[in-house]
Amino acid sequence: MKKRIYLFLSIMIVLSFVLAACGAEEQEAETLGGYQIPAPVEGSYNVAFVYVGPHDDGGWSQAHDVGRLGVEQILDDVHTAYVENVAEGADSEQVTRSLARKGFDVIFTTSFGFMDSSEIVAGEFPDVDIIHISGYKANGENFGNLMGAMENIKYLAGILAGSRAKMDGNPKLGYMATFPIPEELRLGNAFALGAQETCPECTIDVRFINTWHDPILEQEGAASLFSAGAQVVMTGADTPAPAIAAPEGKWGITYDYVGNCTIDACLTSMYWDWAPVYADIVEKSRAGTWKGGWEYFDGDAGAMGLYGFMEGETLMPGLAELPEEDLQMVRDLLDQMEAGEFTRFDVFKGPITDNK
């Protein structure tokens with residue numbers, strides 16, 4: 001009888017450990033409206049990232065994810081995690097709130113449409129630092145925004161696109177834009193100003209696709225621009241669609257991620273290197289010195305690149321054929337940008353004239 005009691009107690013003890021472990025495991029894999037919400041790691045400074053697309057989208061979100069991994073390499077005792085494919089609006093608010101409630105110290109929300117939800121959650125959790133990418137709101141305390149002068153790099157890409165179009169004898173360019181927001185208008189205007197440097201006669205056909213990440217729609221949009229006569233198509237969206245859709249003898253310029261310019265039809269890529277900027281913010285947050293404000297970095301931050309012109313990179317075939325004076329113009333301007341001698345204010349300098 002005693003043996004049976006001992007056996008029963010032993011089984012109950014084992015079951016209690018199993019159930020406890022299952023409970024802990026369930027907390028690790030908590031779901032919220034279909035989103036997997038990660039848990040912080042005790043003893044580490046915990047940083048979370050909220051992505052609008054897949055972490056391996058070949059564009060915007062993947063560039064942020066590479067930056068996330070870079071933070072772990074640069075800083076000691078820092079744990080990072082992410083939630084991907086988060087819809088803008090109510091979903092992003094729920095996800096961000098859940099991450100704050102779980103105990104993450106810093107949260108980066110990486111899409112324009114996450115701005116209002118980030119502001120709301122920051123007000124609810126004053127001890128959590130929330131940084132929104134590409135927006136314009138801040139509270140001077142635990143909520144700020146971050147963006148870089150990608151218009152510098154798109155200006156350079158425009159110089160190259162104009163040079164290529166002129167060489168090919170077709171002064172028509174295409175810009176596949178996402179949404180008609182200030183960011184997209186600014187970047188498209190910078191591209192146009194760059195194209196005027198090498199191809200004053202060039203015109204630009206602009207198409208808004210109203211999405212950040214849709215591989216099928218992006219390829220259809222790029223194909224439409226090429227069919228309408230564009231010689232070079234530049235994108236503001238996530239995937240390398242312009243290069244994939246480019247017919248023989250035409251060219252695409254990709255965006256966001258250093259690894260997405262891999263086929264010969266890709267002229268170049270304008271990409272982000274978020275790691276040094278992210279690591280600096282996380283370290284300041286851990287030290288208690290970060291304050292949420294308006295941070296907009298230029299080329300001297302070392303957080304942006306133009307594929308083919310950065311250290312260790314070689315020119316893509318479509319660039320290698322261009323006139324040397326045009327390539328040297330880009331190299332010289334890039335050097336000035338990295339030295340802090342050429343900024344976004346130089347891209348958009350006057351004079352400004354009206355229609356009279």
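Me: How many aromatic pairs does a search of the whole structure find?
Reply: Happy to start there. This is a predicted model, and the search covers the whole structure. The count of aromatic pairs comes to 14.

Me: F112 and Y136 form one aromatic pair; is it stacked, tilted or edge-to-face?
Reply: A pair of aromatic rings is described by the distance of the centres and the angle of the planes. For F112 and Y136 the centres are 6.4 Å apart and the planes make 50 degrees. Stacked needs under 30 degrees and edge-to-face over 60, so the F112 and Y136 pair is tilted.

Me: Which parts of the chain does the pair of F112 and Y136 tie together?
Reply: The two residues are 24 apart in sequence. F112 sits in the loop between strand 5 (106-109) and helix 4 (115-124). Y136 belongs to another loop, so the pair ties the F112 loop to the one between strand 6 and strand 7.

Me: And what about W274 and F297: which class does their ring pair belong to?
Reply: Their ring centres lie 5.9 Å apart, with the planes at 85 degrees. W274 is in the loop between strand 12 (266-272) and helix 9 (275-287), while F297 is in strand 13, 23 residues away. Since the angle is over 60 degrees, the class of the W274 and F297 pair is edge-to-face.

Me: Are W274 and F297 buried or exposed?
Reply: The cut-off for buried is under 20% relative accessible area. W274 has 0% and F297 has 7%. Both values fall under the cut-off, so W274 and F297 count as buried.

Me: Which residues form one aromatic cluster with W274 and F297?
Reply: Good follow-up, as F49 and Y82 in this cluster are also bridge partners, Y82 being in strand 4. Besides W274 and F297, the cluster is made of F49, Y51, W60, Y82, F108, W272 and Y278.

Me: In the parallel open sheet 4-3-5-6-7-13, which strands stand at the edges?
Reply: The sheet has six strands, and its twist averages 20 degrees from one strand to the next. An edge strand has a single partner, so one of its sides is left without a neighbour in the sheet. The strands at the edges are strand 4 (78-83) and strand 13 (294-297).

Me: What angle does the direction of helix 2 make with that of strand 4?
Reply: Helix 2 (residues 60-74) packs on this sheet. The helix touches strand 3, strand 4, strand 6 (129-133) and strand 7 (143-148). Its direction and that of strand 4 make about 165 degrees.

Me: What is the pairing in the open sheet with the order 9-8-10-11-12-14?
Reply: Strands of a sheet pair through backbone hydrogen bonds, either parallel or antiparallel. Within this six-stranded sheet, strand 10 and strand 11 run parallel, joined by three bridges. Taken over the sheet, though, the pairing is mixed.

Me: M234 lies in strand 10; is M234 buried or exposed?
Reply: Strand 10 spans residues 232-235. Leaving aside neighbours within four places in sequence, M234 is in contact with K154, G174, Y175, M176, L187, F191, I253 and M270. With 0% relative accessibility, M234 counts as buried.

Me: Where does K154 lie relative to the ring of Y255?
Reply: K154 is one of the residues in contact with M234. It also lies over the face of Y255. From the ring centre of Y255, K154 is at 3.6 Å.

Me: Any backbone oddities? What is phi of D256?
Reply: Most residues other than glycine have a negative phi, and most peptide bonds are trans. A cis peptide bond joins G350 and P351, with omega of about 5 degrees, and N210 has a positive phi near 55 degrees. D256, in strand 11 (residues 251-256), is buried, with a relative accessible area of 1%. Its phi is also positive, near 85 degrees.

Me: Over which residues is the pLDDT below 50?
Reply: The chain averages a pLDDT of 92, and 92% of the residues score at least 70. Where pLDDT is low, the predicted coordinates should not be read in detail. The stretch below 50 has three contacts in the model beyond near neighbours in sequence, and it covers residues 1-27.

How values were computed: Residues are numbered from 1 along each chain as its sequence is written. This is a predicted model: local features need pLDDT of at least 70, side-chain atom pairs count only at pLDDT 80 or more; totals for chains, interfaces and linings use all residues. Side-chain values use heavy atoms; hydrogens and water are left out. Helices (H or I, at least four residues) and strands (E, at least two) are DSSP runs, numbered from the N terminus. Buried means under 20% relative accessible area, exposed over 50%, partly exposed in between (1.4 Å probe, protein chains only). Contact means heavy atoms within 4.5 Å. Two strands pair if DSSP finds at least two bridges between them. Axes are lines fitted to C-alpha atoms, for helices over the stretch in contact, and angles run from 0 to 180 degrees between N-to-C directions. Rings of Phe, Tyr and Trp (its six-membered ring) pair if their centres lie within 6.5 Å; planes under 30 degrees apart count as stacked, over 60 as edge-to-face and the rest as tilted. A charge sits over a ring if NZ of Lys or CZ of Arg is within 6 Å of the ring centre and within 35 degrees of the ring normal. pLDDT is the predictor's confidence in each residue, from 0 to 100.
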